[in-house]
Amino acid sequence: MAAAITITRASELTADPALLTAAERAVCSDRSGLRRDEWIRGRLAVRAAMVTALGTRAAAIDVLIAPDAGPLVVGGPPCAISLSHDDAWIAVAIAVGAYRIGIDLCARSKATRVIDLLARLGVQFDCEPLAAFAALEAVLKLRRLGVMELREHATEVRARGASQVEVHGLGAATLVELQVCPEHVVGWALEALA
């Protein structure tokens with residue numbers, strides 16, 4: 001199974017809570033300001049991606065919050081989803097069936113900060129720094145780990161061609177697919193549940 005990846009400009013989505021399901025509105029009521037708008041747009045991006053992947057029946061599925069703070073699909077067919085926001089962009093990854101998935105979008109505007117962070121964490125990499133960071137974040141989401149795990153493990157990101165890298169040090173070596181664009185880099189990883 002391949003992952004379905006969608007990337008959307010946040011400005012293309014209206015941060016209107018009326019577009020959410022009743023359960024999503026209940027969760028959203030605890031948020032305010034920009035975080036609220038980001039949360040709404042993220043749920044709308046996930047729903048649009050789910051409709052593309054699953055058909056119109058996905059329009060009524062709730063996308064709530066999992067215990068690890070990631071998005072949680074409630075009421076639909078088994079599927080894994082992951083969501084990433086950065087600057088003006090939202091990336092969504094969906095895999096139908098018994099999978100885990102992780103995605104990260106890293107905006108080019110964060111390049112200096114990312115390079116400094118990778119150096120402080122001692123991450124070894126032989127690819128573009130934004131690709132390395134997006135890959136690491138995707139694997140952290142895939143494994144349901146927090147970013148502080150990068151301090152606890154010796155991690156390495158190895159290039160595997162123009163559109164793939166392999167992450168070592170966060171469990172089993174993981175192949176991460178990349179999409180490199182002028183505005184951002186997106187990395188995603190998929191693995192079957194045991």
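For sorting residues by class, Ala, Val, Leu, Ile, Met, Phe, Trp, Tyr, Cys and Pro are taken as nonpolar, Asp, Glu, Lys and Arg as charged, and the others, Gly among them, as polar. With that settled, here is what turns up in this predicted model.

Start with the largest pocket, which holds about 750 Å³ of space. Its lining is made up of 26 residues, and Ala69, Gly70, Leu83, His85 and Lys141 sit closest to the centre. Sorted by class, the lining comes out as eleven nonpolar, ten charged and five polar residues. Four elements each put two or more residues into this lining: helix 2 (33–54), strand 4 (79–86), strand 6 (99–107) and helix 4 (129–142). Strand 4 chips in the most, with six residues.

Helix 4, one of those pocket-lining elements, also packs against helix 3 (residues 111–121). The two axes lie 9 Å apart, at an angle of about 70 degrees. Since angles of 65 to 115 degrees count as roughly perpendicular, helix 3 and helix 4 are therefore roughly perpendicular to each other. Their crossing is left-handed. On the helix 3 side, the contact is made by Ala111, Val114, Ile115, Leu117 and Leu118; helix 4 brings Pro129, Leu130, Ala132, Phe133 and Leu136. Going by class, this contact has ten nonpolar residues, with no polar and no charged ones, whereas the lining of the largest pocket does include polar and charged residues.

Notes: Residues are numbered from 1 along each chain as its sequence is written. This is a predicted model: local features need pLDDT of at least 70, side-chain atom pairs count only at pLDDT 80 or more; totals for chains, interfaces and linings use all residues. Side-chain values use heavy atoms; hydrogens and water are left out. On a 1 Å grid over the protein atoms alone, a cavity is a set of points where a 1.4 Å probe fits but cannot get out, and a pocket is an open set with protein on both sides within 12 Å along at least five of seven lines; lining residues have an atom within 4 Å of a point. Grid points are joined across faces, edges and corners, and a volume is the space filled by probe spheres set on the points. Axes are lines fitted to C-alpha atoms, for helices over the stretch in contact, and angles run from 0 to 180 degrees between N-to-C directions. Angles under 35 degrees count as roughly parallel, over 145 as roughly antiparallel, 65 to 115 as roughly perpendicular and the rest as oblique. A crossing is left-handed if the near helix is turned anticlockwise from the far one by less than a right angle, and right-handed if clockwise. Contact means heavy atoms within 4.5 Å.
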